[in-house]
Amino acid sequence: MAKIPEKTSILRTVDVNRSFGMVTAADNLNIEVGQGELVGIVGANGSGKTTFLNLITGYLRPESGRIQVMGRDTIGLPPRLVTKLGVARSFQIPQLYTNMSVLEGMLLSLAATSGKGTGIWKPLYRESWTAEGLDTLERFGLASYANRPVSELPEGGRKLLDIALSFALKPKLLLMDEPTSGVSIEDKFQVMDTLAKVLQEGEITTIFVEHDMDVIQRYSRRVLVFETGRVIADGEPERVMADPEVRKAVLGRV
Amino acid sequence: MNLLAVPRAALVASALMILLPLVVPGWIVFILTKVLFMSIAVMGVSVLLRGGLLTFGHALYYATGAYAVGFSVKWFGVQELLLLVPLGALSGLIMAALVGLIMARYREVFFAMLNLAFSMILFGALLKFYWVTGGTDGLAIGTATLLGIELPGDGFGYYYFSLAIAGVVTLVVYRFMASPAGYFLRALYDNEIRIEYSGVAVRQIIYRTYLLAGTLGGVSGVLAAFTIGHIVPEDAFWIQSGEFVFIALLGGFGGLPGPLMGALVYEFLQTYASKYFPLAWQMMMGIVMLLIILFQPGGLWAIYQRVEHRLGRRARGGENS
């Protein structure tokens with residue numbers, strides 16, 4: 001097992017279990033993620049990667065165990081309240097406001113995180129939010145789309161916007177479910193370069209699910225390998241991937 | 001888009017609304033007043049529709065406002081508009097605050113039918129407790145006063161007062177739709193998951209919208225009570241709610257002026273259709289609705305927008321050449 005960095009713990013799961021009928025999706029998960037880490041998660045389909053994200057965000061409730069975000073127990077909280085604690089997520093299939101402009105989506109995230117999301121009198125378009133929204137879009141390389149409808153974004157842009165919407169929530173922990181799926185191979189590294197830079201600048205602790213080992217090796221210094229709901233390896237990507245058992249689990253071949 | 005076009009169109013419309021009653025016969029002034037108070041209730045229905053929330057029971061609030069006036073007149077002899085409009089708004093708000101606690105949990109067909117159910121409960125109560133409500137006979141309202149002065153009987157007073165209220169209501173709805181809650185409401189129609197994962201309570205958004213819609217229903221009921229001069233349990237009936245939805249779709253709920261446009265066309269269509277086709281006017285209305293849904297689902301507002309867009313482009317093209 002890899003050493004747990006001696007930084008503040010952002011996420012801690014203790015003996016977390018969850019199954020769906022006969023399928024074990026989370027099998028005694030004990031995972032600790034420290035401040036500032038960029039952790040990749042790999043594993044075959046059905047190995048429990050997305051379940052893990054769903055457990056952290058409160059979308060699914062574990063059958064047993066504890067989940068702590070920055071020392072606070074989150075089990076039983078709905079996704080909305082877990083989000084308020086500082087956990088944001090992006091989705092495998094981007095979840096966007098397709099009938100609005102790109103900027104408006106960003107403004108909604110900023111309104112939400114400032115606690116003024118249900119305000120009924122002052123306008124959404126405020127100078128400070130607009131400036132911040134444009135700035136974030138700039139960082140994600142989406143500035144040129146700011147006033148265009150979301151529906152005009154290309155697939156890579158949709159993925160980035162989905163993450164930008166979560167990023168604008170100023171999370172302490174960002175979960176990304178396959179940020180590069182659906183993005184062409186040529187664009188993959190460009191998307192990840194953009195993300196890695198933004199996340200590093202924002203000092204945001206990140207966990208991301210990824211199929212592509214090249215992406216993991218290039219961007220993260222720690223990888224968790226999932227198989228049938230268990231973590232079978234945890235450590236530096238090069239070391240972990242040298243293990244034939246891991247190679248078999250992830251790639252289906254040694 | 002020409003930035004001046006929007007306020008200019010609104011100014012022209014306002015000027016028309018102010019000047020029109022001076023040149024048309026009295027019975028048309030009455031219909032125009034009806035257009036105004038109907039459009040206020042329809043604005044509430046339209047705002048809900050922006051979030052994908054269809055209600056078949058908005059007459060609940062309309063009748064609440066109307067009967068708030070009825071009881072004030074009957075028991076306290078209060079006829080003062082400046083008291084009764086806030087009272088109607090408040091009674092609509094309180095009703096919505098109670099009913100909304102349940103409604104904020106529902107969407108789609110359940111939302112539509114639960115609203116219907118509540119409005120029918122009120123309808124039943126208004127019939128049943130006839131010693132209080134006057135039963136099927138309803139209540140006579142009499143003439144309103146404004147700052148203690150009786151409004152002229154020819155209908156001008158009610159018209160201009162309603163116009164002023166409609167102006168205020170339009171401003172309030174505009175502010176609401178431009179606010180974070182207004183945008184989250186549109187987002188609700190679009191992607192509820194993302195709202196939840198933004199840390200915003202969807203129920204809060206629905207509840208607040210519902211409060212606004214209920215309040216507008218109450219205000220509309222007050223103006224209706226005085227304009228018509230008589231209130232009946234049918235004010236809470238589902239046909240009344242259906243009328244609001246009809247007008248919302250006819251006018252188009254995508255834009256602020258939709259309810260007014262819809263109410264204008266609806267009231268005059270109804271007047272003339274029932275005059276010239278007394279036995280077939282409902283059929284005429286049905287055909288109109290059919291045409292709107294088939295060819296112009298955005299309603300009259302969308303037609304206007306398209307024309308305006310085309311004119312704007314032509315104007316710009318002219319400048320360039």
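Reader: Which residues line the largest cavity?
Author: This is a predicted model, where local features need pLDDT of at least 70, side-chain atom pairs count only at pLDDT 80 or more, and totals for chains, interfaces and linings use all residues. A cavity is a set of points on a 1 Å grid over the protein atoms alone where a 1.4 Å probe fits but cannot get out, and lining residues have an atom within 4 Å of a point. The lining consists of Met43(B), Ser46(B), Val47(B), Arg50(B), Val173(B), Met177(B), Phe253(B), Gly255(B), Leu256(B) and Pro259(B).

Reader: Which helix gives the most to that lining?
Author: Residues count from 1 along each chain, chains are lettered from A and ligands numbered from 1 as written, and side-chain values use heavy atoms, without hydrogens or water. Helices (DSSP runs of H or I, at least four residues) are numbered from the N terminus. H2 (26-50) and H7 (156-178) of chain B each supply at least two lining residues. With 4 residues, the top contributor is H2(B).

Reader: How many residues of the lining are nonpolar?
Author: One is charged and 2 are polar. Nonpolar residues number 7.

Reader: Why do the buried residues of H4(A) lie on the same side, and what arc do they cover?
Author: Trp129(A), Thr130(A), Gly133(A), Thr136(A) and Leu137(A) are buried (under 20% relative accessible area, 1.4 Å probe, protein chains only). They share a side because their arc, taken from the helix axis to the C-beta atoms, is only 130°.

Reader: Which helices do those buried residues pack against?
Author: Two partners are in chain A, and one is in chain B. They are H3(A), H5(A) and H8(B).

Definitions and conventions. Buried < 20%, exposed > 50% of the residue type's maximum accessible area, 1.4 Å probe, protein only. Contact = heavy atoms within 4.5 Å. 1 Å grid on protein atoms, 1.4 Å probe; cavity = no way out; pocket = protein on both sides within 12 Å on 5 of 7 lines; lining within 4 Å. Nonpolar A, V, L, I, M, F, W, Y, C, P; charged D, E, K, R; others polar.
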